[in-house]
Amino acid sequence: MLGRFAEIFAKEISALIDALVKAEPLKALSAKIVFIATLVAESIYTDIFDRVALLLATRLAERLATKPQQIEATQKLVGQIGREIAIDRGAIFLSGGLCLLMTIVCLVAPLLYRFASRRRLRIFVSFNRVRGDAAEQLHVFLERKGFAVSRLPFDDKAEHQALLRKIVELLKKTELVVCIPGPSDSFVEHEILAATTIGHPVVLLISGDDGTIPNTADKRYPVFQIEALADNGFHPLEIFLSFIGGDLQSMLEICKRSLRQGKALSWAIAMTFLLVTMALWLLSAFLVYSKAASLQPEATDPLPMMLAVGVQALVFTSLCIVPATFCAFISMRILLSLYRQLRAQWLAELKVEVAAFSRDDWADLMHDVSSGPAIYEAMLQLAPLAHHERAAGIA
(Lines give C-alpha, C1' and ligand atoms only; values in the text may rest on other atoms or scores of the structure.)
Protein backbone atom coordinates (compact mmCIF):
# COMPACT_ATOMS: atom_id res chain seq x y z
CA MET A 1 0.00 0.00 0.00
CA LEU A 2 2.85 2.41 0.82
CA GLY A 3 4.28 1.87 -2.62
CA ARG A 4 0.98 2.77 -4.20
CA PHE A 5 0.74 5.93 -2.06
CA ALA A 6 4.27 6.89 -3.10
CA GLU A 7 3.29 6.48 -6.75
CA ILE A 8 0.21 8.64 -6.33
CA PHE A 9 2.19 11.31 -4.50
CA ALA A 10 4.99 11.32 -7.08
CA LYS A 11 2.74 11.57 -10.14
CA GLU A 12 -0.68 12.92 -9.28
CA ILE A 13 0.11 15.30 -6.42
CA SER A 14 2.92 16.92 -8.39
CA ALA A 15 0.52 17.36 -11.34
CA LEU A 16 -2.00 18.98 -9.00
CA ILE A 17 0.62 21.39 -7.68
CA ASP A 18 1.57 22.33 -11.22
CA ALA A 19 -2.09 22.96 -12.02
CA LEU A 20 -2.40 25.22 -8.97
CA VAL A 21 0.70 27.16 -9.96
CA LYS A 22 -0.61 27.60 -13.49
CA ALA A 23 -4.01 28.69 -12.09
CA GLU A 24 -6.03 26.23 -14.14
CA PRO A 25 -9.85 26.63 -14.12
CA LEU A 26 -11.71 25.49 -11.02
CA LYS A 27 -13.47 22.71 -12.90
CA ALA A 28 -10.17 21.17 -13.98
CA LEU A 29 -8.73 21.45 -10.47
CA SER A 30 -11.82 19.80 -9.00
CA ALA A 31 -11.51 16.94 -11.47
CA LYS A 32 -7.88 16.36 -10.47
CA ILE A 33 -8.72 16.41 -6.76
CA VAL A 34 -11.55 13.91 -7.25
CA PHE A 35 -9.27 11.68 -9.31
CA ILE A 36 -6.58 11.69 -6.61
CA ALA A 37 -9.13 10.97 -3.89
CA THR A 38 -10.44 8.05 -5.96
CA LEU A 39 -6.96 6.61 -6.35
CA VAL A 40 -6.28 6.88 -2.61
CA ALA A 41 -9.62 5.28 -1.72
CA GLU A 42 -9.03 2.51 -4.25
CA SER A 43 -5.61 1.79 -2.77
CA ILE A 44 -7.05 1.61 0.76
CA TYR A 45 -10.11 -0.54 0.09
CA THR A 46 -8.31 -2.86 -2.39
CA ASP A 47 -5.62 -3.62 0.16
CA ILE A 48 -8.15 -4.22 2.94
CA PHE A 49 -10.41 -6.42 0.81
CA ASP A 50 -7.55 -8.49 -0.55
CA ARG A 51 -5.96 -8.98 2.87
CA VAL A 52 -9.23 -10.09 4.45
CA ALA A 53 -10.07 -12.42 1.57
CA LEU A 54 -6.56 -13.93 1.53
CA LEU A 55 -6.59 -14.49 5.29
CA LEU A 56 -9.99 -16.23 5.26
CA ALA A 57 -9.18 -18.33 2.21
CA THR A 58 -5.84 -19.43 3.68
CA ARG A 59 -7.42 -20.46 6.99
CA LEU A 60 -10.13 -22.47 5.22
CA ALA A 61 -7.64 -24.07 2.84
CA GLU A 62 -5.43 -25.15 5.75
CA ARG A 63 -8.42 -26.92 7.30
CA LEU A 64 -9.90 -28.47 4.16
CA ALA A 65 -6.96 -29.05 1.80
CA THR A 66 -5.41 -32.49 1.52
CA LYS A 67 -2.41 -31.32 -0.52
CA PRO A 68 -0.06 -28.34 -0.02
CA GLN A 69 -0.60 -27.39 -3.65
CA GLN A 70 -4.27 -26.71 -2.94
CA ILE A 71 -3.36 -24.02 -0.40
CA GLU A 72 -1.02 -22.30 -2.85
CA ALA A 73 -3.57 -22.57 -5.67
CA THR A 74 -6.29 -21.07 -3.44
CA GLN A 75 -4.09 -18.12 -2.44
CA LYS A 76 -3.11 -17.47 -6.04
CA LEU A 77 -6.70 -17.66 -7.28
CA VAL A 78 -7.93 -15.31 -4.53
CA GLY A 79 -5.42 -12.69 -5.68
CA GLN A 80 -6.35 -13.13 -9.33
CA ILE A 81 -10.08 -12.82 -8.64
CA GLY A 82 -9.46 -9.75 -6.49
CA ARG A 83 -7.71 -8.00 -9.36
CA GLU A 84 -10.46 -9.02 -11.80
CA ILE A 85 -13.34 -7.68 -9.69
CA ALA A 86 -11.56 -4.54 -8.45
CA ILE A 87 -13.62 -2.20 -10.64
CA ASP A 88 -16.95 -3.89 -9.82
CA ARG A 89 -16.08 -3.92 -6.14
CA GLY A 90 -15.14 -0.26 -6.32
CA ALA A 91 -18.53 0.63 -7.77
CA ILE A 92 -20.37 -1.20 -4.97
CA PHE A 93 -18.01 0.26 -2.39
CA LEU A 94 -18.72 3.75 -3.74
CA SER A 95 -22.46 3.15 -3.43
CA GLY A 96 -21.89 2.06 0.17
CA GLY A 97 -19.90 5.21 0.80
CA LEU A 98 -22.71 7.32 -0.63
CA CYS A 99 -25.26 5.53 1.59
CA LEU A 100 -23.02 6.12 4.59
CA LEU A 101 -22.68 9.78 3.63
CA MET A 102 -26.45 10.02 3.31
CA THR A 103 -26.88 8.51 6.77
CA ILE A 104 -24.38 10.93 8.29
CA VAL A 105 -26.11 13.86 6.59
CA CYS A 106 -29.52 12.65 7.82
CA LEU A 107 -28.15 12.42 11.35
CA VAL A 108 -25.85 15.42 11.54
CA ALA A 109 -27.58 18.07 9.42
CA PRO A 110 -30.88 18.12 11.38
CA LEU A 111 -28.99 18.02 14.69
CA LEU A 112 -26.81 20.97 13.70
CA TYR A 113 -29.85 22.89 12.45
CA ARG A 114 -31.78 22.27 15.67
CA PHE A 115 -28.71 23.10 17.76
CA ALA A 116 -28.34 26.42 15.97
CA SER A 117 -32.03 27.34 15.88
CA ARG A 118 -33.97 25.58 18.65
CA ARG A 119 -31.84 24.28 21.47
CA ARG A 120 -34.62 25.30 23.86
CA LEU A 121 -38.24 25.54 22.84
CA ARG A 122 -39.83 28.84 23.93
CA ILE A 123 -43.37 28.41 25.23
CA PHE A 124 -45.98 30.94 26.29
CA VAL A 125 -48.55 29.71 28.84
CA SER A 126 -51.92 31.42 28.46
CA PHE A 127 -54.46 30.73 31.22
CA ASN A 128 -57.72 31.78 32.78
CA ARG A 129 -57.25 33.05 36.32
CA VAL A 130 -59.41 30.22 37.70
CA ARG A 131 -56.72 27.84 36.35
CA GLY A 132 -53.88 29.78 37.96
CA ASP A 133 -52.68 26.89 40.12
CA ALA A 134 -52.54 24.49 37.18
CA ALA A 135 -50.72 27.10 35.06
CA GLU A 136 -48.10 27.67 37.76
CA GLN A 137 -47.61 23.92 38.21
CA LEU A 138 -47.18 23.47 34.46
CA HIS A 139 -44.79 26.45 34.27
CA VAL A 140 -42.51 24.99 36.93
CA PHE A 141 -42.58 21.54 35.32
CA LEU A 142 -41.73 22.77 31.81
CA GLU A 143 -38.87 24.96 33.06
CA ARG A 144 -37.47 22.01 34.98
CA LYS A 145 -37.51 20.04 31.72
CA GLY A 146 -35.41 22.67 29.94
CA PHE A 147 -38.05 24.72 28.11
CA ALA A 148 -37.95 28.53 28.12
CA VAL A 149 -41.38 29.35 29.57
CA SER A 150 -43.09 32.73 29.85
CA ARG A 151 -46.34 33.40 31.72
CA LEU A 152 -48.06 36.55 32.93
CA PRO A 153 -49.51 36.05 36.44
CA PHE A 154 -52.98 37.47 36.90
CA ASP A 155 -52.97 41.09 38.09
CA ASP A 156 -56.33 42.83 38.42
CA LYS A 157 -54.53 46.18 38.70
CA ALA A 158 -52.55 45.82 35.44
CA GLU A 159 -52.77 48.78 33.06
CA HIS A 160 -54.53 47.75 29.84
CA GLN A 161 -52.11 49.13 27.22
CA ALA A 162 -49.03 47.94 29.10
CA LEU A 163 -50.53 44.46 29.42
CA LEU A 164 -51.31 44.25 25.72
CA ARG A 165 -47.82 45.40 24.78
CA LYS A 166 -46.25 42.84 27.12
CA ILE A 167 -48.34 39.99 25.70
CA VAL A 168 -47.45 40.89 22.10
CA GLU A 169 -43.73 41.02 23.01
CA LEU A 170 -43.87 37.61 24.69
CA LEU A 171 -45.77 36.00 21.83
CA LYS A 172 -43.23 37.27 19.29
CA LYS A 173 -40.42 35.70 21.31
CA THR A 174 -42.05 32.27 21.60
CA GLU A 175 -42.61 29.41 19.16
CA LEU A 176 -45.55 27.68 20.79
CA VAL A 177 -48.54 28.53 23.02
CA VAL A 178 -50.09 26.31 25.69
CA CYS A 179 -53.56 27.50 26.65
CA ILE A 180 -55.45 26.56 29.84
CA PRO A 181 -58.88 28.17 29.40
CA GLY A 182 -61.56 28.37 32.04
CA PRO A 183 -65.27 27.62 31.69
CA SER A 184 -66.08 31.11 30.39
CA ASP A 185 -64.70 34.08 28.45
CA SER A 186 -61.51 35.79 29.63
CA PHE A 187 -58.47 37.67 28.33
CA VAL A 188 -57.25 34.30 27.02
CA GLU A 189 -59.50 34.88 23.99
CA HIS A 190 -57.29 37.74 22.81
CA GLU A 191 -54.03 35.87 23.46
CA ILE A 192 -55.16 32.89 21.38
CA LEU A 193 -56.38 35.11 18.55
CA ALA A 194 -52.99 36.88 18.52
CA ALA A 195 -51.12 33.54 18.53
CA THR A 196 -53.25 32.26 15.64
CA THR A 197 -52.62 35.46 13.68
CA ILE A 198 -48.86 35.12 14.18
CA GLY A 199 -49.03 31.46 13.09
CA HIS A 200 -47.91 29.85 16.36
CA PRO A 201 -49.11 26.32 17.15
CA VAL A 202 -51.55 26.28 20.07
CA VAL A 203 -52.10 23.35 22.45
CA LEU A 204 -55.27 23.47 24.53
CA LEU A 205 -55.55 21.93 28.01
CA ILE A 206 -59.13 21.78 29.24
CA SER A 207 -60.86 20.26 32.24
CA GLY A 208 -62.94 17.16 31.76
CA ASP A 209 -65.57 18.61 34.12
CA ASP A 210 -66.42 22.01 32.68
CA GLY A 211 -63.89 22.49 29.90
CA THR A 212 -64.63 24.54 26.84
CA ILE A 213 -62.21 26.17 24.44
CA PRO A 214 -61.88 29.94 23.86
CA ASN A 215 -64.26 31.45 21.33
CA THR A 216 -61.25 32.54 19.24
CA ALA A 217 -59.56 29.10 19.28
CA ASP A 218 -59.56 27.14 16.04
CA LYS A 219 -61.17 23.73 16.50
CA ARG A 220 -58.27 22.05 14.69
CA TYR A 221 -55.81 22.70 17.53
CA PRO A 222 -54.80 19.62 19.57
CA VAL A 223 -56.75 19.34 22.82
CA PHE A 224 -55.73 17.49 26.00
CA GLN A 225 -57.65 16.73 29.19
CA ILE A 226 -55.62 18.40 31.90
CA GLU A 227 -56.56 15.83 34.57
CA ALA A 228 -55.17 12.99 32.44
CA LEU A 229 -51.92 14.92 31.95
CA ALA A 230 -51.64 15.71 35.67
CA ASP A 231 -52.05 12.00 36.49
CA ASN A 232 -48.90 11.35 34.39
CA GLY A 233 -46.99 14.31 35.83
CA PHE A 234 -47.38 16.28 32.56
CA HIS A 235 -44.71 14.02 31.03
CA PRO A 236 -46.76 13.19 27.87
CA LEU A 237 -47.27 16.91 27.28
CA GLU A 238 -43.52 17.55 27.58
CA ILE A 239 -42.75 14.98 24.87
CA PHE A 240 -45.59 16.23 22.66
CA LEU A 241 -44.52 19.88 22.86
CA SER A 242 -40.92 18.95 22.05
CA PHE A 243 -42.10 16.88 19.07
CA ILE A 244 -44.37 19.48 17.45
CA GLY A 245 -41.98 22.29 18.40
CA GLY A 246 -39.10 20.58 16.62
CA ASP A 247 -36.44 21.36 19.22
CA LEU A 248 -33.02 19.75 19.67
CA GLN A 249 -34.28 17.21 22.21
CA SER A 250 -36.90 15.87 19.80
CA MET A 251 -34.26 15.46 17.08
CA LEU A 252 -31.98 13.57 19.45
CA GLU A 253 -34.90 11.30 20.31
CA ILE A 254 -35.61 10.65 16.61
CA CYS A 255 -31.97 9.77 15.93
CA LYS A 256 -31.73 7.43 18.93
CA ARG A 257 -34.95 5.64 18.05
CA SER A 258 -33.91 5.37 14.39
CA LEU A 259 -30.65 3.67 15.33
CA ARG A 260 -32.24 1.56 18.06
CA GLN A 261 -35.59 0.55 16.61
CA GLY A 262 -35.34 -0.56 13.02
CA LYS A 263 -38.60 -2.48 13.52
CA ALA A 264 -40.44 0.85 13.57
CA LEU A 265 -40.36 0.74 9.78
CA SER A 266 -43.19 -1.16 8.19
CA TRP A 267 -42.60 -4.82 7.46
CA ALA A 268 -43.09 -4.12 3.76
CA ILE A 269 -40.13 -1.72 3.71
CA ALA A 270 -38.01 -4.04 5.86
CA MET A 271 -38.71 -7.00 3.56
CA THR A 272 -37.90 -4.85 0.54
CA PHE A 273 -34.47 -4.05 1.96
CA LEU A 274 -33.91 -7.71 2.83
CA LEU A 275 -34.81 -8.86 -0.68
CA VAL A 276 -32.57 -6.19 -2.20
CA THR A 277 -29.67 -7.36 -0.02
CA MET A 278 -30.20 -10.99 -1.01
CA ALA A 279 -30.45 -10.08 -4.69
CA LEU A 280 -27.21 -8.09 -4.50
CA TRP A 281 -25.52 -10.99 -2.72
CA LEU A 282 -26.56 -13.42 -5.45
CA LEU A 283 -25.45 -10.94 -8.08
CA SER A 284 -22.06 -10.53 -6.44
CA ALA A 285 -21.64 -14.30 -6.11
CA PHE A 286 -22.42 -14.76 -9.81
CA LEU A 287 -20.04 -11.93 -10.71
CA VAL A 288 -17.21 -13.44 -8.70
CA TYR A 289 -17.86 -16.92 -10.10
CA SER A 290 -17.93 -15.71 -13.71
CA LYS A 291 -14.62 -13.88 -13.23
CA ALA A 292 -13.07 -16.95 -11.63
CA ALA A 293 -14.36 -19.24 -14.37
CA SER A 294 -12.75 -17.02 -17.00
CA LEU A 295 -9.45 -17.31 -15.17
CA GLN A 296 -9.51 -21.11 -14.88
CA PRO A 297 -12.04 -22.48 -17.36
CA GLU A 298 -10.79 -26.05 -17.02
CA ALA A 299 -9.81 -26.35 -13.38
CA THR A 300 -9.15 -29.96 -12.44
CA ASP A 301 -9.25 -29.39 -8.69
CA PRO A 302 -12.55 -27.80 -7.56
CA LEU A 303 -11.47 -27.03 -3.98
CA PRO A 304 -9.32 -23.90 -4.68
CA MET A 305 -12.05 -22.58 -6.99
CA MET A 306 -14.78 -23.15 -4.39
CA LEU A 307 -12.79 -21.54 -1.59
CA ALA A 308 -11.63 -18.54 -3.63
CA VAL A 309 -15.07 -17.82 -5.08
CA GLY A 310 -16.86 -18.32 -1.74
CA VAL A 311 -14.46 -16.13 0.23
CA GLN A 312 -14.39 -13.32 -2.34
CA ALA A 313 -18.18 -13.35 -2.62
CA LEU A 314 -18.48 -13.29 1.18
CA VAL A 315 -16.04 -10.40 1.56
CA PHE A 316 -17.59 -8.61 -1.39
CA THR A 317 -21.01 -8.83 0.23
CA SER A 318 -20.20 -8.27 3.88
CA LEU A 319 -17.85 -5.31 3.38
CA CYS A 320 -19.81 -3.58 0.59
CA ILE A 321 -23.41 -4.57 0.10
CA VAL A 322 -24.56 -5.21 3.68
CA PRO A 323 -23.21 -1.89 5.07
CA ALA A 324 -24.69 -0.02 2.10
CA THR A 325 -28.10 -1.61 2.66
CA PHE A 326 -27.93 -0.99 6.41
CA CYS A 327 -27.03 2.68 5.90
CA ALA A 328 -29.84 3.08 3.37
CA PHE A 329 -32.25 1.46 5.86
CA ILE A 330 -31.25 3.84 8.67
CA SER A 331 -31.46 6.84 6.34
CA MET A 332 -34.97 5.80 5.29
CA ARG A 333 -35.94 5.42 8.94
CA ILE A 334 -34.71 8.92 9.84
CA LEU A 335 -36.32 10.54 6.80
CA LEU A 336 -39.63 8.85 7.58
CA SER A 337 -39.44 10.06 11.19
CA LEU A 338 -38.66 13.60 10.07
CA TYR A 339 -41.62 13.50 7.69
CA ARG A 340 -43.92 12.43 10.51
CA GLN A 341 -42.61 15.20 12.73
CA LEU A 342 -43.07 17.74 9.94
CA ARG A 343 -46.60 16.44 9.39
CA ALA A 344 -47.34 16.85 13.11
CA GLN A 345 -45.99 20.42 13.02
CA TRP A 346 -48.18 21.25 10.03
CA LEU A 347 -51.18 19.80 11.86
CA ALA A 348 -50.43 21.88 14.96
CA GLU A 349 -49.92 25.02 12.86
CA LEU A 350 -53.21 24.46 10.98
CA LYS A 351 -51.41 23.90 7.68
CA VAL A 352 -53.18 20.58 7.13
CA GLU A 353 -56.79 20.67 5.99
CA VAL A 354 -58.98 18.92 8.54
CA ALA A 355 -62.49 19.90 9.63
CA ALA A 356 -61.83 19.81 13.40
CA PHE A 357 -59.55 18.19 15.92
CA SER A 358 -59.72 14.40 16.19
CA ARG A 359 -57.09 12.43 18.06
CA ASP A 360 -57.26 9.73 15.37
CA ASP A 361 -55.53 12.21 13.05
CA TRP A 362 -52.53 12.05 15.39
CA ALA A 363 -52.38 8.27 15.81
CA ASP A 364 -49.98 7.55 12.94
CA LEU A 365 -47.75 10.51 13.86
CA MET A 366 -46.99 9.18 17.33
CA HIS A 367 -44.85 6.22 16.19
CA ASP A 368 -41.63 8.19 16.69
CA VAL A 369 -42.50 9.53 20.14
CA SER A 370 -41.42 7.61 23.22
CA SER A 371 -44.70 8.34 25.06
CA GLY A 372 -46.93 8.01 22.00
CA PRO A 373 -49.63 5.83 23.67
CA ALA A 374 -49.79 8.06 26.78
CA ILE A 375 -50.06 11.17 24.59
CA TYR A 376 -52.85 9.61 22.56
CA GLU A 377 -54.79 8.58 25.67
CA ALA A 378 -54.51 12.07 27.22
CA MET A 379 -55.97 13.70 24.11
CA LEU A 380 -59.69 14.30 23.84
CA GLN A 381 -61.37 12.16 21.22
CA LEU A 382 -62.98 15.13 19.44
CA ALA A 383 -62.87 18.91 19.58
CA PRO A 384 -64.87 20.27 22.57
CA LEU A 385 -67.40 23.07 22.47
CA ALA A 386 -66.43 26.71 22.53
CA HIS A 387 -67.59 28.94 25.40
CA HIS A 388 -70.40 30.53 23.39
CA GLU A 389 -71.61 27.15 22.09
CA ARG A 390 -72.06 25.73 25.56
CA ALA A 391 -73.66 28.99 26.76
CA ALA A 392 -76.16 28.81 23.90
CA GLY A 393 -76.84 25.14 24.60
CA ILE A 394 -75.60 23.90 21.17
CA ALA A 395 -74.73 20.21 21.21
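This report describes the overall make-up, a nonpolar surface patch, the salt bridges and one helix residue of a predicted model.

## Overall make-up

The protein has 395 residues, of which 42% are buried. Its secondary structure consists of 14 helices and 5 strands. About 21200 Å² of the protein is exposed, and carbon and sulfur atoms account for 63% of that area.

Contacts within the chain can be described by sequence separation. Of those between residues at least 6 apart in sequence, 77% connect residues at least 24 apart.

## Nonpolar surface patch

A nonpolar patch on the surface is formed by Ile48, Val52, Leu56 and Leu314. Together these residues have about 300 Å² of accessible area. Helix 2, which spans residues 26–64, is the element that gives the most to the patch, with 3 residues.

Ile48 is one of the patch members and is located in helix 2. The relative accessible area of Ile48 is 42%, so this residue is classed as partly exposed. That value is also over the 30% cut-off required of patch residues.

## Salt bridges

Side chains of opposite charge can pair when their charged atoms come close. The structure contains 4 salt bridges, and three pairs are described here, beginning with Glu62 and Arg59.

In the pair formed by Glu62 and Arg59, the closest N and O atoms are 3.9 Å apart, a distance that falls within the 4 Å cut-off for a salt bridge. Both residues belong to helix 2; because they are 3 residues apart there, about one helical turn separates them. Glu62 is partly exposed, with 47% relative accessibility, and Arg59 is likewise partly exposed at 47%.

Glu175 and Arg122 also meet through their side chains in a salt bridge, with an N to O distance of 2.7 Å. Glu175 is in the loop between helix 6 (160–173) and strand 3 (176–180), whereas Arg122 is in strand 1 (residues 122–127), so this pair ties together parts of the chain that are 53 residues apart in sequence. Glu175 has a relative accessible area of 10% and is therefore buried. Arg122, at 37% relative accessibility, is partly exposed.

A further salt bridge joins the side chains of Asp218 and Arg220, at 3.0 Å from N to O. Asp218 has 23% relative accessibility and counts as partly exposed, while Arg220, at 17%, counts as buried. The two residues fall on opposite sides of the 20% limit, because buried means under 20% relative accessible area.

## Leu54 in helix 2

Leu54 is a residue of helix 2. With a relative accessible area of 36%, Leu54 is partly exposed. When residues up to four places away in sequence are left out, Leu54 touches Gln75 and Val78.

Leu54 can also be placed relative to a distant part of the sequence. Gln312 lies 258 residues away from Leu54 along the chain, yet the C-alpha atoms of the two are separated by 8.8 Å.

## Helix 2 in summary

Several of the features above involve helix 2. This helix supplies 3 residues to the nonpolar patch, and Ile48 is found in it. Helix 2 also holds both partners of the pair Glu62 and Arg59, as well as Leu54.

Note on methods
Residues are numbered from 1 along each chain as its sequence is written. This is a predicted model: local features need pLDDT of at least 70, side-chain atom pairs count only at pLDDT 80 or more; totals for chains, interfaces and linings use all residues. Side-chain values use heavy atoms; hydrogens and water are left out. Patches are made of residues with over 30% relative accessible area and no salt bridge: like charges are joined within 9 Å, nonpolar side chains (Val, Leu, Ile, Met, Phe, Trp, Tyr) within 5 Å. Accessible areas come from the Shrake-Rupley method with a 1.4 Å probe; for residues, only the protein chains shown count as cover. Helices (H or I, at least four residues) and strands (E, at least two) are DSSP runs, numbered from the N terminus. Buried means under 20% relative accessible area, exposed over 50%, partly exposed in between (1.4 Å probe, protein chains only). Contact means heavy atoms within 4.5 Å.
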